[in-house]
Amino acid sequence: MNPWRLRLLSQLDTLGTVRAVAEAAHLSPSSVSQQLAVLESETGTQLLERTGRRVRLTSAGLILARRARAILDHMDTVEAELRGLDEEPSGLVRLGAFQSAVHTMAVPAMTRLTREYPQLDIQLLELEPHESVPALRVGDADLVITTTDFGELPLGPDLDLLPLSTDPILLVLPPEHPAAGRGPANLAAFADEPWAFDIPQSYMANLALRLCRQARFEPRVVGRFSNYMLTLELVEAGHAVALLPELAVDAGRYRVATRELADPVTRTITAAIRRGAPPRAAVHLVLDALRPSAAGDA
């Protein structure tokens, strides 16, 4: 169906006569009638009926005219979004990211964009998955890097998602640990070890606890940190073992050993924006810069 003809039909429902539609559209009445006849052919449905010298909408015509308004409004919104993408990116973009994504994904994107677009102002916010989605929903962040695997806080239809990558969960051990350097680890073998965990109710704390319990033991937690660097320092010093995402393990800075899990676990990393938020060229630019291909091209 041609959107222009749908608009004429919608105008006929609103204005009441073909002559009024013709005046509004700067057409002749015969041209309007001809276009509406073509729309009837396109739909295979009788949309108009004559009553004397006037025409009125049939029941099918009324349904289509009123549905057409929603269709046309949506098309106008899409066109506005596309026009917005062509604007010069500028202004403040608040980008929330969990800790390990800050230095591996957000900072590289920020470095590239602020160099190329001096009018762009990016504010980085450290937000773990249990914090970032609520911040996005209430408007405290424009877009966030989060995970789709945080079951306690599902990502609903109010958000648009862009998958970025996957990140395996690793067992992290002191460098001199007897089990360092072996193959995939069975967590049950580490039931008697001291453990370092994230803060309670965070994504990694809940995940690590769930994995330990699936291995049929309750972990003895000797340290809780919201900062992965502190966790790695504790493990490096030989005081604990930990479960961490691969992105969080800086093997060049910390002397730790890592092992994959015998039952592999990965987290899906995704960018999210609010569905229906006003389209902004700057936000879409940052979103595009977070794509894996963008990082590889830099």
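Biologist: Which helices and strands each supply at least two residues of the lining of the largest cavity?

Modeller: This is a predicted model. In it, four elements each give at least two lining residues: β7 (194-197), α7 (203-214), α8 (228-236) and β9 (241-245).

Biologist: Which of them gives the most to that lining?

Modeller: Helix α7 does, with 3 residues.

Biologist: Which residues line the largest cavity?

Modeller: Start with Ala 196, Phe 197 and Asp 198. Then come Met 204, Ala 205 and Ala 208. Tyr 228, Thr 231, Leu 243 and Leu 244 complete the lining.

Biologist: How does that lining divide by class?

Modeller: There are 8 nonpolar residues, 1 polar and 1 charged. Asp counts as charged, so Asp 198 is the charged member of the list.

Biologist: What is the volume of the largest cavity?

Modeller: About 60 Å³.

Biologist: How many cavities of 30 Å³ or more are there?

Modeller: The count is 2. The second largest holds about 30 Å³ of space.

Biologist: Which residues line the second largest cavity?

Modeller: Its lining has Glu 128 and Pro 129, then Asp 198. Ser 202, Tyr 203 and Met 204 follow, with Tyr 228 and Arg 267 after them. Check this list against the lining of the largest cavity. Asp 198, Met 204 and Tyr 228 appear in both.

Biologist: And how does the lining of the second largest cavity divide by class?

Modeller: Into 4 nonpolar, 1 polar and 3 charged residues.

Biologist: Now the helices. What describes two packed helices?

Modeller: Two things: the angle between their axes and the distance between the axes. Take helix α1 (residues 3-15) and helix α2 (residues 18-25). Their axes come within 9 Å and cross at roughly 125°.

Biologist: What is the orientation of α1 and α2 to each other?

Modeller: They are oblique, because 65 to 115 degrees is the range for roughly perpendicular and over 145 counts as roughly antiparallel. The crossing of α1 and α2 is right-handed.

Biologist: At what angle do the axes of α1 and α3 cross?

Modeller: Roughly 110°, for α1 and helix α3 (residues 29-43), with the axes coming within 9 Å. That angle makes α1 roughly perpendicular to α3. Is the crossing left-handed or right-handed? Here α1 passes α3 in a left-handed crossing.

Biologist: Which annotation covers residues 1-58?

Modeller: The unreviewed UniProt entry gives "domain: HTH lysR-type" for residues 1-58. In the model, that stretch is 62% helix and 14% strand. Its end C-alpha atoms are 18 Å apart.

Biologist: How do α5 and α9 cross?

Modeller: Helix α5 (residues 99-116) and helix α9 (residues 281-289) have axes that come within 9 Å and cross at roughly 130°. That makes α5 oblique to α9. The handedness is right-handed as α5 passes α9.

Methods
Residues are numbered from 1 along each chain as its sequence is written. This is a predicted model: local features need pLDDT of at least 70, side-chain atom pairs count only at pLDDT 80 or more; totals for chains, interfaces and linings use all residues. Side-chain values use heavy atoms; hydrogens and water are left out. On a 1 Å grid over the protein atoms alone, a cavity is a set of points where a 1.4 Å probe fits but cannot get out, and a pocket is an open set with protein on both sides within 12 Å along at least five of seven lines; lining residues have an atom within 4 Å of a point. Grid points are joined across faces, edges and corners, and a volume is the space filled by probe spheres set on the points. UniProt positions are given in the numbering used here, feature names are shortened, and annotations may be inferred rather than shown by experiment. Axes are lines fitted to C-alpha atoms, for helices over the stretch in contact, and angles run from 0 to 180 degrees between N-to-C directions. Angles under 35 degrees count as roughly parallel, over 145 as roughly antiparallel, 65 to 115 as roughly perpendicular and the rest as oblique. A crossing is left-handed if the near helix is turned anticlockwise from the far one by less than a right angle, and right-handed if clockwise.
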